[in-house]
Amino acid sequence: MAETRETLLRKHPELTPAAAGEECGWLNPKLVPYASATLPLPLSAIREAEERLSRFAPLIEKLFPETAANHGLIESPLRPIPAMRELLNDRYGAGIAGGLYLKMDGDLPIAGSVKARGGIYEILKHAETLALREGLLHAGDEYSILAGEEAKRFFGEHTVQVGSTGNLGLSIGIISAKLGFKVIVHMSADAKQWKKDLLREKGAEVREYQTDYSEAVRQGRMESDRDPSSYFVDDENSTDLFLGYAVAADRLKAQLEGQGVTVDAEHPLFVYLPCGIGGAPGGVAYGLKAVFGDAAHCFFTEPTRACCMLVGMATGLHDGVSVQDLGLDGRTQADGLAVGRPSSFVGKAMEPLLSGIFTVRDERLLVWMRDLMETEDIFIEPSACAAFAAFPHPEVLREYCRERGLADRMERITHIAWATGGSLVPQTVRRDYLDEAKRLAEK
Ligand SMILES: *Cc1c(COP(=O)(O)O)cnc(C)c1O
């Protein structure tokens, strides 16, 4: 039985502002030094995921020529955004003295969002398993043979299904259809029309529900379970998705080195990751801690009305609690983050590793979207703008630095806002967002 709002707030008074729909910065009391953290997934699993993606790179390059420059690796640029930093410092006294960078996952090829990491990885792994079992593929083979007619026909006898608020569906839909799978995407009410249209154009079947994300996932899982030839991508429980995201960390390390940025105990790295169900930010953060250890400080960011990870982690109830239990409606313009109940395992995995969580009101997202356009000429979608959620609350960041013995090196922090989506947003939709942002700014 779910606990009542009153019980939850009595036990966790720190959630009172969140329950009132207010923005907050929560610092994780369970964060411990990396060496003493219990890790549910071995680091060798991240290594394996990296190796699998390398094996598939020739196939990806063949199927998606836009990845040729990176030889079939799906990666995004890391860009300094000094003008945006200045704006955040001026407007909020954000106190960003070190570098501020944007990790531009909205520009990831194929799916245009962070979901190009986890989603594509999981489908490639599934395809590999099927093809090896069928004898279409043998260890040591060149994986581009999977682009052939025989493989495509074989995959066509199999179905992939997924529940999505939009971007996961796009990622799974595009890669699955390209490989030849039948694919059914179960979309929640928050999903944007253009994402449904694009998926249908790519050959996916889209089922629409007037319910929230958890319900779309439930329907998808149920339908998939009825069909032995169907595979369900389970965003609520999938470690494959998680590992696909975790691979980002090693690549980021190379990018930072390439740009002459040092990360060590004296030069901390603060990373801000927009969070829905938790898989993407959790996987990336898990990888970052593996690569940088205590030098990496990871914060999740969530919409005030859909702060499911905050509620799950602060109460320790994880997927046993929803934002609705706290009296919030879970509705947000940030469709990629419109999730009312967190993943079953990410919050637990992150308990010793996560630095904290910031929540943000929807109105700010559109304003930041426009700010980033005007200062840096970069477009990212509203969900991705949640990556700036910490900066209106510099006192929380300062408190964190005091508590963790970083007060003397705040000026040497490198901040990375993880911009999780945007390049596929159609021009007409971008214009609507920008018009809306302008109205908000004039209010
Ligand atoms: C999915 C998504 C996220 C968060 O990922 P989760 O795995 O749901 O936590 C963040 N930003 C965007 C744009 C997304 O599509």
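**Exercise 1. A backbone contact of the ligand**

How far does a backbone N or O atom of Ile277 lie from an oxygen atom of the ligand?

Solution. The model used throughout these exercises is predicted.
- Step 1. Take a backbone N or O atom of Ile277 and an oxygen atom of the ligand; they lie 3.0 Å apart.
- Step 2. Compare with the cut-off: a polar contact is a pair of N or O atoms within 3.5 Å.
- Step 3. At 3.0 Å, the pair from Ile277 and the ligand therefore counts as a polar contact.

**Exercise 2. The surroundings of the ligand**

Describe the contacts, the cover and the shell of the ligand.

Solution.
- Step 1. Begin with Gly276, where a backbone N or O atom is 2.7 Å from a ligand oxygen.
- Step 2. Turn to Asn167, which uses its side chain: an N or O atom there is 2.7 Å from an oxygen atom of the ligand.
- Step 3. Look at the cover. Taken alone, the ligand exposes 380 Å², and 98% of that is buried by the protein.
- Step 4. Place the ligand: the space it takes is the largest cavity.
- Step 5. Count the shell. The ligand is surrounded by 14 residues, and the closest are Lys115, Asn167, Gly276, Gly278 and Thr420.
- Step 6. Sort the shell by class: six residues are nonpolar, seven are polar and one is charged.
- Step 7. Find the element with the largest share of the shell. Helix α12, residues 279–292, supplies three residues.

**Exercise 3. Two residues with positive phi**

Which phi values do His318 and Asp377 have, and is each residue buried or exposed?

Solution.
- Step 1. Recall the background: most residues other than glycine have a negative phi.
- Step 2. Read the angles. His318 is not a glycine, yet its phi is positive, about 50°. Asp377, also not a glycine, has a positive phi of about 60°.
- Step 3. Locate the residues. His318 is in the loop between α13 (308–315) and α14 (346–350), and Asp377 is in the loop between α15 (362–376) and α16 (382–385).
- Step 4. Apply the cut-offs. His318 is buried because its relative accessible area is 4%, and buried means under 20%. Asp377 is exposed because its value is 64%, and exposed means over 50%.

**Exercise 4. Placing and classifying four residues**

For Ala18, Gly93, Asp294 and Ala35, give the location and the exposure class.

Solution.
- Step 1. Ala18 lies in helix α2, residues 16–19. Its relative accessible area is 1%, so Ala18 is buried.
- Step 2. Gly93 belongs to the loop between α4 (82–92) and β3 (100–104). With a relative accessible area of 40%, Gly93 is partly exposed, since that class lies between 20% and 50%.
- Step 3. Asp294 is in the loop between α12 and β9 (296–303). Its relative accessible area of 44% makes Asp294 partly exposed.
- Step 4. Ala35 sits in the loop between β1 (25–27) and α3 (43–63). Its value is 81%, so Ala35 is exposed.

**Exercise 5. Separation in sequence and in space**

State both separations for the pairs Asp294 and Ala265, Gly93 and Ser355, Ala18 and Leu288, and Ala35 and Ser144.

Solution. Each distance in space runs from C-alpha to C-alpha.
- Step 1. Asp294 and Ala265 are 29 residues apart in sequence and 7.2 Å apart in space.
- Step 2. Gly93 and Ser355 are 262 residues apart along the chain, with 21 Å between their C-alpha atoms.
- Step 3. Ala18 and Leu288 are 270 residues apart in sequence and 28 Å apart in space.
- Step 4. Ala35 and Ser144 are 109 residues apart in sequence and 40 Å apart in space.

Note on methods. Residues are numbered from 1 along each chain as its sequence is written. This is a predicted model: local features need pLDDT of at least 70, side-chain atom pairs count only at pLDDT 80 or more; totals for chains, interfaces and linings use all residues. Side-chain values use heavy atoms; hydrogens and water are left out. Helices (H or I, at least four residues) and strands (E, at least two) are DSSP runs, numbered from the N terminus. Buried means under 20% relative accessible area, exposed over 50%, partly exposed in between (1.4 Å probe, protein chains only). A residue is near a molecule or strand if one of its heavy atoms lies within 4 Å of it. A polar contact is a pair of N or O atoms within 3.5 Å; within protein, one must be able to donate a hydrogen and the other to accept it, and residues adjacent in sequence count only if both atoms are side-chain atoms. Accessible areas come from the Shrake-Rupley method with a 1.4 Å probe; for residues, only the protein chains shown count as cover. On a 1 Å grid over the protein atoms alone, a cavity is a set of points where a 1.4 Å probe fits but cannot get out, and a pocket is an open set with protein on both sides within 12 Å along at least five of seven lines; lining residues have an atom within 4 Å of a point. A molecule sits in a cavity or pocket if more than half of its atoms lie within 2 Å of its grid points. Ala, Val, Leu, Ile, Met, Phe, Trp, Tyr, Cys and Pro count as nonpolar, Asp, Glu, Lys and Arg as charged, and the others, Gly among them, as polar.
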